[in-house]
Amino acid sequence: MAEGTTREFEVFRRELLLAPRQVRVRLLERVEEFLAALDYAKSYPFDFIFFSITDHRPESPDSTLLSAQEASLELARVLDEVGRTLPVSVESINEPVLTVGDLAKRWGVSAATVLRWRRQGLASRFFRFGRGRRKIGVRESLTQSFETHSRRLIRRALSRRRTSDRERQAVIEAALV
């Protein structure tokens, strides 16, 4: 990815952090909608991404093309960082929101693996669940998009499994012999 584009996303992230609460809420929802609609066979100009989310043209035009994967990674970072400052109630979302634990069960992996996948493009943010508890959550539409575009990653994680206590003890005993 071009350095200038990363800088543009950083400016976008900072501007979002300074925006009023209602603007941040609306724009984070637009980021999630954009991420769910990404076509991974296409590339997108930064200007198009920015306009699709904000309905405004960037101050300094940037026609750099980003692959859908690059755009997804950058927007997931924006969503995470800005979402930390703005936990929204799951009741205000019009689709199911899955927690890290829910996703770990769904995919048969550990919670640590799900958290690591956040750095690889799983778009998530903080939500308020029940009694105001803040947890990381992922909208169902973004979960499905990640499943579709990260099948290989999920399959690879499933092929690896944790060593049971019995297996670990057998390895230790074999090593000591």
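Where is the place of threonine 54? In this predicted model, threonine 54 sits in helix 3. Threonine 54 has a relative accessible area of 10%. A residue under 20% counts as buried, so threonine 54 is buried. A polar atom of its side chain lies 2.8 Å from the backbone oxygen of phenylalanine 50. Beyond its neighbours within four places in sequence, threonine 54 is in contact with Phe12 and Leu27. Arginine 7 is 47 residues away from threonine 54 along the chain. The C-alpha atoms of these two residues are separated by 17 Å.

Aspartate 55 lies in the loop between helix 3 (46-54) and strand 2 (65-67). Its relative accessible area is 44%. Values between 20% and 50% count as partly exposed, and aspartate 55 is therefore placed in that class. The backbone of aspartate 55 also deserves a note. Most residues other than glycine have a negative phi. Phi of aspartate 55, however, is positive, near 65 degrees.

The packing of two helices was examined next. Two packed helices are described by the angle between their axes and the distance between the axes. Helix 2 covers residues 21-37, and helix 4 covers residues 68-84. Their axes are 10 Å apart and meet at an angle of about 150 degrees. Angles over 145 degrees count as roughly antiparallel, so helix 2 and helix 4 are roughly antiparallel to each other. Their crossing is left-handed. On the side of helix 2, the contact is made by Arg24, Leu28, Val31, Glu32, Phe34 and Leu35. Helix 4 contributes Ser72, Leu75, Ala76, Val78, Leu79, Val82 and Gly83. Nine residues of this contact are nonpolar, two are polar and two are charged.

Arginine 139 belongs to strand 6, which spans residues 133-139. Is arginine 139 buried or exposed? Its relative accessibility is 7%. The cut-off for a buried residue is under 20%, so arginine 139 counts as buried. The side chain of arginine 139 is joined to that of glutamate 95 by a polar contact of 3.3 Å. Glu95 is also one of the residues that arginine 139 touches, not counting residues up to four places away in sequence. The others are Glu29, Glu32, Ile93, Asn94, Pro96, Val97 and Arg125. Glu32 thus appears in two settings: Glu32 is touched by arginine 139, and Glu32 of helix 2 takes part in the contact with helix 4.

Technical notes
Residues are numbered from 1 along each chain as its sequence is written. This is a predicted model: local features need pLDDT of at least 70, side-chain atom pairs count only at pLDDT 80 or more; totals for chains, interfaces and linings use all residues. Side-chain values use heavy atoms; hydrogens and water are left out. Helices (H or I, at least four residues) and strands (E, at least two) are DSSP runs, numbered from the N terminus. Buried means under 20% relative accessible area, exposed over 50%, partly exposed in between (1.4 Å probe, protein chains only). A polar contact is a pair of N or O atoms within 3.5 Å; within protein, one must be able to donate a hydrogen and the other to accept it, and residues adjacent in sequence count only if both atoms are side-chain atoms. Contact means heavy atoms within 4.5 Å. Axes are lines fitted to C-alpha atoms, for helices over the stretch in contact, and angles run from 0 to 180 degrees between N-to-C directions. Angles under 35 degrees count as roughly parallel, over 145 as roughly antiparallel, 65 to 115 as roughly perpendicular and the rest as oblique. A crossing is left-handed if the near helix is turned anticlockwise from the far one by less than a right angle, and right-handed if clockwise. Ala, Val, Leu, Ile, Met, Phe, Trp, Tyr, Cys and Pro count as nonpolar, Asp, Glu, Lys and Arg as charged, and the others, Gly among them, as polar.
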